[in-house]
Amino acid sequence: MSTPGVLTFTQQAWEQVLAKVKRAVVYLDAACAESLHWGCGSSRLLEAVGNSACYLREFEPAAVGGGAEQPKAVFVLSCLLKGRTVETLRDIICRSHFQYCVVVTAVNHAVHLTANHVPPAAAAELEGQQPVFEQLEEKLCEWMGNMNYTAEVLHVPLLLACAAPHLALTPAFASLFPLLPQDVHILNRARSDKRRLGNLAEVDATTLTPELLLTIRCLVSGLSSLCEHLGVREECFAVGSLSRIIAADLANFAPAKNRRKTATGRASVVFVDRTLDLTGAVGHHGDNLVEKILSVLPQLPGHTNDVMVNMVELTALQAEEENQNMVAPGCLAQSNDPAAKALWEALLNTKHKEAVMEVRRHLVEAASRENLPIKMSMGRVTPGQLTSYIHLFKNNLKALGNHCGLLQLGLATVQTLKHPQTAKWDNFLAFERLLLQSIGESTMSVVLNQLLPMIKPSNQRTNDDYSPEELLVLLIYIYSVSGEFSVDKDLGEGEEKVKKALARVFCEESELSPLLQKITGCDSSINLTFHKSRRAVDELFTSLRDIAGARNLMKQFKSVYVPGNHTHQASYKPLLKQVVEEIFNPERPDPVDIEHMSSGLTDLLKTGFSMFMKVSRPHPSDHPLLILFVVGGVTVSEAKMIKDLVPSLKPGTQGLPEAQEPQNSNPRCVGGVEGRLALSSLFPSSDEGGKWKRRWLRSLPRGSGSVGEGGRSGCSSHLSPTPRLTATLSGGRPTPAPEV
């Protein structure tokens, strides 16, 4: 048996589910389908079902029920069994002929007690019992129409989707996002004048909405299960306001107390708010092929971290637009193909040029093994060269089947290199570098004036000009990297000019993109007046000011901007890099902005005595395992940076040797992320791709609404907003189609 790791955590969880699905109709929600997609693949689920007439269906109110020849159903859900979820269960079962129902939830029973307002003391007395699950089992039998039928409700921790040994994703929490200063005003609406909050530093669990608290508790439940699987007792640390609340909840999670008493290992879990550094999320400094693939290719329906790869080139169909949907798309996740998985991990861990050469090498080796008539060519790798290698497999079904995963990654590379948006990447990078120099030498108003000539209406734009979405990305970059700045008359005038220009551009768009529809509240350009457009732009700039001030409460991590001098140009230093360097600082100073969350009286006493005696406070580098959890998402480049940085700061350390037990004081680092990859991407003009930046912009709070998921006002369910149903991988139609 392999030693514990994040991959085995996911695989063992799915083995529990697969043991239940034999000859069943299986309903999955998007988050669980995405976890399956990266963890073991839908083919593994099909094998476990073992029925030639297997039915995989998306869990939704309109889902087709089971017929008379389908007596068994398994529901695999990432969320609480409460409210709309239970109503959907009832509706599906009542229109079916099921005699045996199994409901699997990724949320443990203790959180269900909290959701049903059971006091902590009463919940402690129910240890070992599962009354909420038992009541639902009775309801399932009632809905099936016979109390003698069989019903099971069980908890399986389907928290993670493992994109790589060093990178784990949490699909069900893709919409969880840290708070911004204007969220304090929204929280204050429900508070009396005497209890009003002054800033984010005063926000704690008691001030949040019940919905957001439950979201956090569901996340904490999954993380506690992960720590149990790893066999560790965790110390929790936080950088940022929402991270502080999550870390405190995990540190004091009651069901984890007994687990910690018997744990033989130790780990540090460090939570970091994404809002403290959005520069890394929207910048283009990451020289990584995967970031570009995820940026320009269309999103796989319902998924948050995978794309559709057009496979028509491997068929006899013409590569015409009307044929695009006739062949199931390829994807990036290749969990059951060792060769393709090795290439995927190489792409994650190398620079763009080396990654393209690695794709060529794998294609050449695969063609050689199949004795295909390959013509070797050295020098620069071109899309045409890669395409010629891929076409060798086209009429050889055996070779095609043997190397299908590799061909999907090869086609993803070709389609990305050919994509017009890829050519724009360097333009973005050049302008961002120019902005870095300008920020150090000029005022904010001068920087905004540099942007002003680039704001052009659609009838004046060329392919090299920036679309409205791309302009918003640049604005986020400017405000996030600048940080706190003085507000004066010149800045007000500069912002006013940009606001007017943006509002005018929004109004003159012939067709509003989904992002602009979201921002303006108008579904058509016909309904968008200048007044509505201007109001939306004003709200955007309020959020931009909040982004600029996100690090105001920091003492050590106040800036991600490094001014230039006579020998070096001004540069951007990622906050995550600063955090990791501080954790492994050989002098081990007491962390200033990395707060330790006490888990009990012992920790409180230790912290208190350290003020008067030589008692060392808990430090993130104390333990052999470090889990870094970015609340709000992480980029591929950031994950690689962390993986490479840890061993360089601590010689002999590995980023995350999968399935390897911590052995000594050298830590290993799990690059954990909250929900999704926050990619340094572009905004394609089409609605088919580039939705990463749109999600970042959607995360900016609007001027009205109530704080819901991740502190965003006016947003919907934290577990699955619209068609994508929040998850690290699945949503639209969780069928085996993505795996060609």
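**Salt bridges, cores and confidence in a predicted model**

Colleague: In this predicted model, which residue forms a salt bridge with Asp249, and how far apart are the closest N and O atoms?

Modeller: The partner of Asp249 is Arg217. Asp249 lies in helix H10 (residues 241–251) and Arg217 in helix H9 (residues 210–230), so the pair ties together parts that are 32 residues apart in sequence. The closest N and O atoms of Asp249 and Arg217 are 2.7 Å apart.

Colleague: Is Arg217 buried or partly exposed?

Modeller: Buried means under 20% relative accessible area. Asp249, at 16% relative accessibility, therefore counts as buried. Arg217 has 22% relative accessibility, so this residue counts as partly exposed.

Colleague: Which elements hold Arg259 and Glu234?

Modeller: Arg259 and Glu234 form a salt bridge, with 2.7 Å between the closest N and O atoms. The pair links distant parts of the chain, 25 residues apart. Both Arg259 and Glu234 are buried. Arg259 belongs to helix H11 (residues 256–262), and Glu234 to strand E8 (residues 232–239).

Colleague: What is the relative accessible area of Lys456, the salt-bridge partner of Asp465?

Modeller: In the salt bridge of Asp465 with Lys456, the closest N and O atoms are 3.3 Å apart. Asp465 is buried, with a relative accessible area of 16%. Lys456 is partly exposed, and its relative accessible area is 25%.

Colleague: Which residues are joined into one network by salt bridges that share partners?

Modeller: The count of salt bridges comes to 22. Where salt bridges share partners, they join four residues into one network: Glu496, Lys499, Arg534 and Asp538.

Colleague: Which residues does Glu495 touch, leaving aside those up to four places away in sequence?

Modeller: Glu495 is placed in helix H22 (residues 489–507). With a relative accessible area of 4%, Glu495 is buried. Not counting residues up to four places away in sequence, Glu495 touches Leu448, Tyr479, Phe541 and Arg545.

Colleague: Which helix gives the most residues to the largest nonpolar core?

Modeller: The largest nonpolar core has 119 residues, and those with the most contacts inside it are Leu332, Leu475, Tyr479 and Leu502. The helix that gives the most to this core, with 10 residues, is H21 (residues 468–482).

Colleague: How many residues are in the other core, which includes Val107 and Phe629?

Modeller: This other core lies apart from the largest one. Phe173 and Ile216 are also among its residues. The number of residues in this core is 50.

Colleague: Within what arc do the buried residues of helix H3 fall?

Modeller: In H3 (residues 42–49), the buried residues are Ser42, Leu45, Ala48 and Val49. They line one face of the helix, because, seen down the axis of H3, they fall within an arc of 115°.

Colleague: Against which elements do the buried residues of H3 pack, and which residue follows the helix?

Modeller: The buried residues of H3 pack against helix H1 (6–18), strand E1 (25–28), helix H2 (30–39) and strand E2 (55–58). The residue that follows H3 has a positive phi, near 65°, and is Gly50.

Colleague: Over which residues does pLDDT stay under 50?

Modeller: The mean pLDDT of the chain is 83, and 84% of its residues reach 70 or more. Among the elements, strand E4 (residues 100–105) has the highest mean, 97, and helix H28 (residues 691–698) the lowest, 36. pLDDT stays under 50 over residues 652–740.

Key. Residues numbered from 1 in each chain as written. Predicted model: local features only at pLDDT ≥ 70, side-chain atom pairs only at ≥ 80, totals over all residues. Heavy atoms only, no water. Core = buried A, V, L, I, M, F, W, Y, C linked by side-chain atoms within 4.5 Å. Buried < 20%, exposed > 50% of the residue type's maximum accessible area, 1.4 Å probe, protein only. Helix = DSSP H or I, 4+ residues; strand = E, 2+ residues; numbered from the N terminus. Arc of directions from axis to C-beta. Contact = heavy atoms within 4.5 Å. pLDDT = per-residue confidence, 0-100. Salt bridge = Lys/Arg side-chain N within 4 Å of Asp/Glu carboxyl O.
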